[in-house]
Amino acid sequence: MKNYLYGCMAVVLLLAVSCGKTPVTPVTPPIPPPVTPPGGGGEPTVSTYLTKAKETHGFIVSNLMTSYRSYKVNTTTDPNSAFEWYNASQIYADAAMVAAGDATYLADMNLTFKWMENMWDKADSNGGYFAFARLDGSGSSGTKYADDNGLTGMVYLDAYEVTTGADKVAYLDKAKQCANWLIKSGLFDNTYGGGFWWNTERKVKPTQTNGVALQLFSKLYLITGDATYKDWAISVNAWLNSKMYDSASGLYVWQFEETGIRNNTIFTYDNAIMVEAFLLFAQATNDNSYVSRAQAVGNAMNRVLWDAPHNVYIFNTNDRRITPCWCGWATQAMIKLYQTDNNATWLNYAKGNLDAINTVLRNPTNNGYFQFAGLDGAGKYSNYEGVDQAWMQRLQVMLSKYK
């Protein structure tokens, strides 16, 4: 998933490390307000977040969607290519709209799902998605990413939940194929004590790659009852907790590098992924202690990764900028926690995070989201990444159920 930024991240992190980490201000959680769904009484009301989700989708349709029902990488530097996880993220966004009751998003969601078959490796008996294709679906080849395939499997399980008939069967079957590729790819080995490599180049082993695999295996076990998925979930979970957990912060670090050194940078979205992974693993293993683990990670995120003066999650502990997808991912984690324990404090963080992103990164003229900016909006990038638009559509429709 970091494939778009990985090349420049090395530069960013070197610069950040040279300055040291910025001290983090402890967070005093706000007093939770009453949580009432929009339209709870009197005249029906429409959540401003649902309105923004629809406006974001309007930007996507006008600027990123193609006649093939694929989606461009962005509108500036790479408008003629499609990234696998960007397109999967748009399916994720549209599935959230369908889950909220708007079936008009089904048609495009299903067409993009069909287009995704162009990126599936048909020369490999185990398949797996390539990371890149042209807008018409041609040209896919090369590296395959474990996190792309893990996340896409989770996306398809969301789509599975909002479809019926043959479509429902197709989404579940493809999610199982994504998991099957992970299992048979050979990317989980004993190097650094276990864990999945990020991709078929086998250079780094990140938390997020293994976190989305843990999510996928756990959820597939819950749906199918196939113990193979549970066994894999247990193995991935053990590696994450033994190798990637940082007891000082209560959070999960970035990755093992090619040199074998563990990079202890802490990313917001890595830990958001772990929150959701633990909630699913708790159900898969019938072990409620993992709900407590998820809550503990959520609380640690709010101590370490939340910037209280700006009311937003930072990108990572060495880079205190904000970005729609990677910072926004925390909103999904907080909503999942609220759905589990009904603690409205999680929703305060979920809402504050999106409000800050909307203030700093949203262009009110065209309703698109810029990729990066400083906490106060300084150094704003000019590009509109497809994945950022997809995630802002998704997150805002998810929050609209409660705010």
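Which residues does M301 touch, not counting residues up to four places away in sequence? In this predicted model, M301 touches L251, T268, N271, A272, V275, W306, Y313, A330 and M334 when residues up to four places away in sequence are left out of the count.

## The nonpolar cores

M301 belongs to the largest nonpolar core, a set of 119 residues in which W85, Y156, F217, M301 and W329 are the residues with the most contacts inside the core. The largest share of this core is supplied by α9, which contributes 11 residues. A second core, separate from the largest one, is made up of six residues, among them A96, M97, V98 and V397.

## Overall build and confidence

The protein is built from 13 helices and 11 strands, and of its 403 residues 59% count as buried. Among the contacts between residues at least 6 apart in sequence, 67% join residues that are at least 24 apart.

The mean pLDDT of the protein is 92, and 89% of the residues score at least 70. Confidence is highest in strand β5 (residues 251–252), at 99, and lowest in helix α1 (residues 6–19), where the mean is 36. Across residues 2–41 the pLDDT is below 50, although this stretch has 82 contacts in the model beyond near neighbours in sequence.

## Helix α3: N87 and A93

Two residues of helix α3 can be described together, beginning with N87, whose place is in this helix. N87 counts as buried because its relative accessibility is 0%, under the 20% cut-off for that class. Leaving out residues up to four places away in sequence, N87 touches S70, Y71, A82, T112, W115 and M116.

A93 also lies in helix α3, and with a relative accessible area of 0% it is likewise buried. The residues that A93 touches, again not counting those up to four places away in sequence, are A390, Q393 and R394. The C-alpha atoms of A93 and M109 are separated by 8.8 Å, and these two residues are 16 residues apart along the chain.

## The largest pocket

The largest pocket holds about 710 Å³ of space. Its lining consists of 28 residues, and those that lie nearest its centre are A99, D158, K336, Q339 and M398. By class, this lining comprises 14 nonpolar, nine charged and five polar residues.

Several helices take part in the lining of the largest pocket, with at least two residues supplied by each of α2 (48–63), α3 (84–99), α5 (146–161), α7 (207–224), α9 (268–285), α11 (324–341) and α13 (386–399). Helix α9 therefore appears in two parts of this account, since it supplies at least two residues of the pocket lining and 11 residues of the largest nonpolar core.

## Positive phi angles in two loops

Most residues other than glycine have a negative phi. Y192, a residue other than glycine, has a positive phi near 60°, and its place is in the loop between α6 (165–184) and β3 (205–206). Y192 counts as partly exposed because its relative accessibility is 21%, which is neither under 20% nor over 50%.

N342 is not a glycine either, yet its phi is positive, at about 60°. The loop that holds N342 runs between α11 and α12 (344–361). N342 counts as exposed because its relative accessibility, 58%, is over the 50% cut-off.

Terms used
Residues are numbered from 1 along each chain as its sequence is written. This is a predicted model: local features need pLDDT of at least 70, side-chain atom pairs count only at pLDDT 80 or more; totals for chains, interfaces and linings use all residues. Side-chain values use heavy atoms; hydrogens and water are left out. On a 1 Å grid over the protein atoms alone, a cavity is a set of points where a 1.4 Å probe fits but cannot get out, and a pocket is an open set with protein on both sides within 12 Å along at least five of seven lines; lining residues have an atom within 4 Å of a point. Grid points are joined across faces, edges and corners, and a volume is the space filled by probe spheres set on the points. Helices (H or I, at least four residues) and strands (E, at least two) are DSSP runs, numbered from the N terminus. Ala, Val, Leu, Ile, Met, Phe, Trp, Tyr, Cys and Pro count as nonpolar, Asp, Glu, Lys and Arg as charged, and the others, Gly among them, as polar. pLDDT is the predictor's confidence in each residue, from 0 to 100. Contact means heavy atoms within 4.5 Å. A nonpolar core is a set of buried Ala, Val, Leu, Ile, Met, Phe, Trp, Tyr and Cys residues joined through side-chain atoms within 4.5 Å. Buried means under 20% relative accessible area, exposed over 50%, partly exposed in between (1.4 Å probe, protein chains only).
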